[in-house]
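Hi,

Here is the structure I promised to pass on. Have a look at it first, and my notes follow underneath.

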Amino acid sequence: MISVDRKRLQANFERLLIADGVSKKEDETILVVKRILANIPVDIIENASLSKTRKNLYIRLPKRGDTDSPPILLSAHMDTVEPTTNIKFQCINDLYSTDGTTILGSDDKAGIVAILECLLAIHESEFPHPTIEVAFTVEEEIGLEGAKDFDTTLIQSKRGIVIDADGEPGIVMFAGPSQILFEVTIKGKAAHAGMAPEEGKSAILFASQCIARIPFGRIDAETTTNIGRIQGGRATNIVAEDCFLNGEIRSHNPVKLDIIKNQMKSIFENGNEFGYQVHFQDRFAYKSFSLSKDRPILTQVSQAILDCGLTPQYKVCGGGCDANIFNETIPSMECINLACGMTDVHTHKESVLFTDIERVTEILLAICSR
Ligand SMILES: [Zn+2]
């Protein structure tokens, strides 16, 4: 088995941690990735996007030697959520975290560094390997925009692994939900709250009555909804004329997704019959995927996990990731999402065990060297 260069993996992870990479500002991270790969013969295509403006990276390590293994796609996203400015990370007893003033960014730099080490170690070894393709995307955190814009005509693989799930190595996300986003604007009628409240129509009151009636939170095992933001009104002495809110619906079942959306829409739009002006707007954000356990990608990944002395754990994603998009946009693609140890992502408590990054790198090496 090919071994991981632990020192190099750690040094490269730290180089990535201090590189800025907030969504739409991924330049520093891109530079570090290119420097790490500078001495191995990979093809790199920059701006690998249909729009030619998003800075997705496509990387290809051509097949070597005698192998029947088909090409494989590895993917991670280069952007992080905020804040990352002046990040001060620490590593105590193998656990990476920050001083608590910023996020860590192991989401998804743990995935990036595992893929990079996989390419370096495979190249250095004498082992035959299939063509390895890498998609490093931008703007994942703001709606999977990089993956949606990825120039997938570059990709020849029909098996893919996104490394962007939290939890311990060995966890395989084989399914993910669809998502609908919606926005509602409600216009009522302003009036003096003390002198003539009966002349007003409170948009806030109507919004809250609707929220109390719509399906909210955990609907069933495969469906969730949320109102994420609400704002409205101007002052305590004015009956609120305006209210705005937005939210989301997720489900692994497209029929339920539509039923819930229509229920919500009709509850809100009912206000139009009672003197409110209500606009309900929705858009489909991404499509669900679900792969059966006998699909080649799952057999291949599971065997590699077993070879590394771990037990495969199959889970269903609650959120969307680039795997949703690759499964939707690349014909015949089967793409899963693999965990890389990160925990408490998107918070200042985010952390990752370095040994977990090592484990997931070993899994990738086992996948790519068979
Ligand atoms: Zn992520």
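In this predicted model, the contact between H1 and H2 brings Asn12, Arg15, Leu16 and Ile18 of H1 up against Glu28, Thr29, Val32, Val33, Arg35 and Ile36 of H2. H1 covers residues 6-18 and H2 residues 27-36; their axes come within 9 Å and cross at roughly 160°. Anything over 145 degrees counts as roughly antiparallel, so that is how H1 sits relative to H2. The crossing of H1 past H2 is right-handed.

There's another helix pair to look at, H7 (residues 296-307) with H9 (residues 354-368). Their axes are 8 Å apart and the packing angle is about 125°, so H7 and H9 are oblique to each other. H7 also passes H9 in a right-handed crossing. On the H7 side the contact uses Gln300, Val301, Ala304 and Ile305, and on the H9 side Ile363, Ala366 and Ile367.

Now the metal site. Which protein atoms hold the zinc ion? The donors are NE2 of His77 plus an OD oxygen each from Asp107 and Asp164, at 1.9 to 2.2 Å from the zinc. Along the chain they are spaced as H-x29-D-x56-D. The two aspartates connect distant parts of the chain: Asp107 belongs to helix H3 (residues 106-124) and Asp164 to strand S7 (residues 159-165), 57 residues apart. Buried or exposed, these two aspartates? Both Asp107 and Asp164 are buried.

Then there's the sheet. It is open, has 5 strands in the order S10-S11-S12-S9-S13, and the pairing is antiparallel. S10 (217-220) and S13 (277-286) are the edge strands, each pairing on one side only. From one strand to the next the twist averages 20°. If you zoom in on S9 (residues 178-187) and S13, you'll find 9 bridges joining these antiparallel strands. Gln179 stands opposite Tyr286 of S13 there.

Two helices lie across that sheet. H5 (residues 203-213) lies across S9, S11 (223-232), S12 (242-251) and S13, and runs at about 20° to S12. H6 (residues 254-269) lies across S9, S10, S11, S12 and S13, running at about 165° to S13.

That's what I have so far. Shout if you'd like to go through any of it together.

Cheers

Technical notes. Residues numbered from 1 in each chain as written. Predicted model: local features only at pLDDT ≥ 70, side-chain atom pairs only at ≥ 80, totals over all residues. Heavy atoms only, no water. Donors = N, O, S within 2.8 Å, 3.2 Å for Na, K, Ca; no water. Helix = DSSP H or I, 4+ residues; strand = E, 2+ residues; numbered from the N terminus. Buried < 20%, exposed > 50% of the residue type's maximum accessible area, 1.4 Å probe, protein only. Pairing = 2+ DSSP bridges. Axes fitted to C-alpha atoms, helices over the stretch in contact; angles between N-to-C directions. Contact = heavy atoms within 4.5 Å. Parallel < 35°, antiparallel > 145°, perpendicular 65-115°, else oblique. Left-handed = near helix turned anticlockwise from the far one by under 90°.
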